[in-house]
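Got a few minutes to poke around a protein model with me? Have a look at the picture first, then we'll talk it through.

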Amino acid sequence: MKRSRFTQEQIIGVLKEHQAGATAADLCRKHGISDATFYTWRSKYGGMDVSDARKLKGLEEENAKLKRLLAEQMLDVATLKEMLAKRMARPVRKGFHDLV
């Protein structure tokens, strides 16, 4: 994932400037960002405080960690099922003791 040049605190600062009355075009020119970036930020961080953004970041990191753990567990289960299927498909060999 591409890392942003701006921290969440800086992004929220830009959005607060917009709420204070600055136009989107002026802010984009001042901070060197595109209109699309500004509106993406506004949709994601609009109305948030810095503490809310930190909580959001923490939740996103935790979610990513849980997704990785789930993927690993699903891979383990699939591997075990595959091994079990191979073992069940193999014919059972009778030993000398079974024939007597």
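Below are some questions and answers about this predicted model.

Q: How many helices and how many strands does the protein chain have?
A: Let's start with the overall layout. Reading along the sequence gives the pattern α-α-α-α-α. Counted up, the secondary structure comes to five helices and zero strands.

Q: What share of the residues in the protein chain is buried?
A: A residue counts as buried when its relative accessible area is under 20%. The protein chain has 100 residues, and the buried share of them is 15%.

Q: How much of the exposed area do carbon and sulfur atoms supply?
A: The protein chain exposes about 8600 Å². Of that area, the part supplied by carbon and sulfur atoms is 58%.

Q: Among contacts between residues at least 6 apart in sequence, what share joins residues at least 24 apart?
A: Here we're looking at contacts within the protein chain, starting from pairs at least 6 residues apart. The share of these that joins residues at least 24 apart is 58%.

Q: Is the aromatic pair of F6 and W41 stacked or edge-to-face?
A: A search of the whole structure turns up two aromatic pairs, and F6 with W41 is one of them. The pair links distant parts of the chain, with F6 in the segment before α1 and W41 in helix α3, 35 residues apart. The ring centres are 5.2 Å apart and the planes make an angle of 75°. Angles over 60 degrees count as edge-to-face, so this pair is edge-to-face.

Q: Are F6 and W41 buried or exposed?
A: Check each against the cut-off of under 20% for buried. F6 has a relative accessible area of 18%, and W41 has 9%. So both residues of this pair are buried.

Q: Which of F38 and Y39 is buried and which is partly exposed?
A: The rings of these two have their centres 5.2 Å apart and their planes at 80°, so they form an edge-to-face pair. Y39 has a relative accessible area of 40%, so Y39 is partly exposed. The other ring sits at 0% relative accessibility, so the buried residue is F38.

Q: Which parts of the chain does the salt bridge between D49 and K16 tie together?
A: Time for charges: side chains of opposite charge can pair when their charged atoms come close. The whole structure has six salt bridges, and in the one between D49 and K16 the closest N and O atoms are 3.5 Å apart. Both residues are partly exposed, D49 at 41% and K16 at 40%. The two are 33 residues apart in sequence, so the bridge ties the loop between α3 and α4, where D49 lies, to helix α1.

Q: Which helices hold E60 and K44?
A: The side chains of E60 and K44 meet in a salt bridge, with 3.6 Å from N to O. E60 is partly exposed at 36%, and K44 is partly exposed at 39%. The pair links parts of the chain 16 residues apart: E60 is in helix α4 and K44 is in helix α3.

Q: What separation along the helix do K86 and E82 have?
A: K86 forms a salt bridge with E82, and their closest N and O atoms are 3.7 Å apart. K86 is exposed, with a relative accessible area of 56%. Because K86 and E82 are four residues apart in helix α4, their separation is about one helical turn.

How values were computed:
Residues numbered from 1 in each chain as written. Predicted model: local features only at pLDDT ≥ 70, side-chain atom pairs only at ≥ 80, totals over all residues. Heavy atoms only, no water. Phe/Tyr/Trp six-rings, centres within 6.5 Å; stacked < 30°, edge-to-face > 60°. Buried < 20%, exposed > 50% of the residue type's maximum accessible area, 1.4 Å probe, protein only. Contact = heavy atoms within 4.5 Å. Areas by Shrake-Rupley, 256 points an atom, 1.4 Å probe, with all protein chains shown as cover. Salt bridge = Lys/Arg side-chain N within 4 Å of Asp/Glu carboxyl O.
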